[in-house]
Amino acid sequence: MPARSIRVLVAEDYPPFRRFLASTMQNTPELQIICEVEDGPEAVQKAGLLQPEVVVLDIGLPRLNGIESARQIRNISPKSKILFVSQESSADIVQAALETGAKGYVVKVDAGRELIPALQAVLRDEIYVSKSLSGYDLTNVPDRSASHAVEMRHDSETRRQLGLQSTRHHEVGFYSDDRSLLDGYTRFIAPVLKSGNAAIVIATESHRKTLLARLQAYGLDMSAAIEQGRYIALDNAETIATFLVNDLPDPVRFSKVTKDLIARTVKSVDGEHTRIAACGECAPLLWERGNA
């Protein structure tokens, strides 16, 4: 990296992780954190005022999400290089983030080993994407000279011709407590609803209530989303019961239940590129019942 001081603005709303970012960058003398902010509007304001060389940006920021913040920062501080460090790991969110003109995307679980290499890459004007995202079908990203570039297969037209217009991505998350679980749900669902798409959550009653309050605090009109059918919250025990046979998940029933649910939800969203995001806690309930 250049010998001169590289001024970095950090936008991250979760204090423990913000401290982790700061401590990781402190081990690299060339990096100087000049400002830490907790929400999107402040990130935009400080970027315009300070014109940092790098903006490290979360996606699930309060009041203004990271993707929209990045677009505004690109307008008012065009020389600032943007590196997303986010919990989000779905292909379409990574795609949308890089299409803002950002130079890098690091998944939070990879940040311990990849944050500094990612910063080094973006400062060389390269695209860096976490190794854990390798193989994603990303297109239209302007620069693919990264150290660990995502494989970008330009086969969208072929998929359209075959009628395979959906992109499926499934992942599992492990959480140490309820707060971490609800943080994950909120960060996963809020950007989906904010973009006009639909979300399905399968959770306990207490988690559904708390999540609804969190999403409302995020600035979303949840009454409208529920009325439109874009937000569907189901009880995990009741949902599991619909596809259990002899106390085991039945593949045929599971396929029918999920297919019908997704098909119904799709009708609530207008647009050519509809996204249905779903998350839930079915496996933990089975585990608690001793059903490994």
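Let's start at Thr-239, which touches Ile-202 and Leu-234 once residues up to four places away in sequence are left out of the count. Thr-239 sits in helix H10, and with a relative accessibility of 10% it counts as buried. Keep in mind throughout that this is a predicted model.

Just past that helix there's an aromatic pair to look at, and searching the whole structure turns up 3 such pairs. Take the one in helix H1 before the one by H10. Phe-17 and Phe-20 make a tilted pair, with 5.3 Å from centre to centre and 40° between the planes. Why are these two separated by about one helical turn? Because Phe-17 and Phe-20 are 3 residues apart in helix H1, which covers residues 15-26. Their surroundings can be read from the accessibilities: Phe-17 has 12% and so counts as buried, while Phe-20, at 28%, counts as partly exposed.

Now back to the neighbourhood of H10. Phe-243 and Phe-254 form an edge-to-face pair, 5.0 Å centre to centre with 90° between the planes. Phe-243 is in the loop between helix H10 (236-241) and strand S9 (244-245), and Phe-254 is in helix H11 (residues 251-266), so this pair ties together parts that are 11 residues apart in sequence. Phe-243 has a relative accessibility of 6% and counts as buried; Phe-254 has 40% and counts as partly exposed. If you're setting up your own ring geometry, the two descriptors used here are the distance of the centres and the angle of the planes.

Helix H1 has another residue to visit, Leu-21. Is Leu-21 buried or exposed? At 2% relative accessibility, Leu-21 counts as buried. Leaving aside residues up to four places away in sequence, Leu-21 touches Val-10, Glu-12, Val-56, Val-85 and Leu-115. One of those partners, Val-85, is 64 residues away from Leu-21 in sequence, yet the C-alpha to C-alpha separation of the two is 9.5 Å.

On to helix packing, where a pair of helices is described by the angle between the axes and the distance between them. Helices H2 (residues 40-50) and H3 (residues 66-76) pack at about 15°, their axes 9 Å apart. Angles under 35 degrees count as roughly parallel, and H2 and H3 are therefore roughly parallel to each other. The crossing of H2 past H3 is right-handed. On the H2 side, Gly-40, Ala-43, Val-44, Ala-47 and Gly-48 meet Ser-69, Gln-72, Ile-73 and Ile-76 of H3. Sorted by type, the residues of this contact are 5 nonpolar and 4 polar, with no charged ones.

What angle do H7 and H8 pack at? Helix H7 (residues 178-194) and helix H8 (residues 205-217) are at about 50°, with axes 10 Å apart. That angle makes H7 oblique to H8. H7 passes H8 in a right-handed crossing. From H7, the residues in the contact are Asp-178, Arg-179, Leu-181, Leu-182, Asp-183, Tyr-185, Thr-186, Ile-189, Ala-190 and Leu-193, and they meet His-207, Thr-210, Leu-211, Arg-214 and Leu-215 in H8. The residues of this contact split into 8 nonpolar, 3 polar and 4 charged. So for charged residues, the H7 contact with H8 has 4, whereas the H2 contact with H3 has no charged residues.

Definitions and conventions
Residues numbered from 1 in each chain as written. Predicted model: local features only at pLDDT ≥ 70, side-chain atom pairs only at ≥ 80, totals over all residues. Heavy atoms only, no water. Axes fitted to C-alpha atoms, helices over the stretch in contact; angles between N-to-C directions. Helix = DSSP H or I, 4+ residues; strand = E, 2+ residues; numbered from the N terminus. Parallel < 35°, antiparallel > 145°, perpendicular 65-115°, else oblique. Left-handed = near helix turned anticlockwise from the far one by under 90°. Contact = heavy atoms within 4.5 Å. Nonpolar A, V, L, I, M, F, W, Y, C, P; charged D, E, K, R; others polar. Phe/Tyr/Trp six-rings, centres within 6.5 Å; stacked < 30°, edge-to-face > 60°. Buried < 20%, exposed > 50% of the residue type's maximum accessible area, 1.4 Å probe, protein only.
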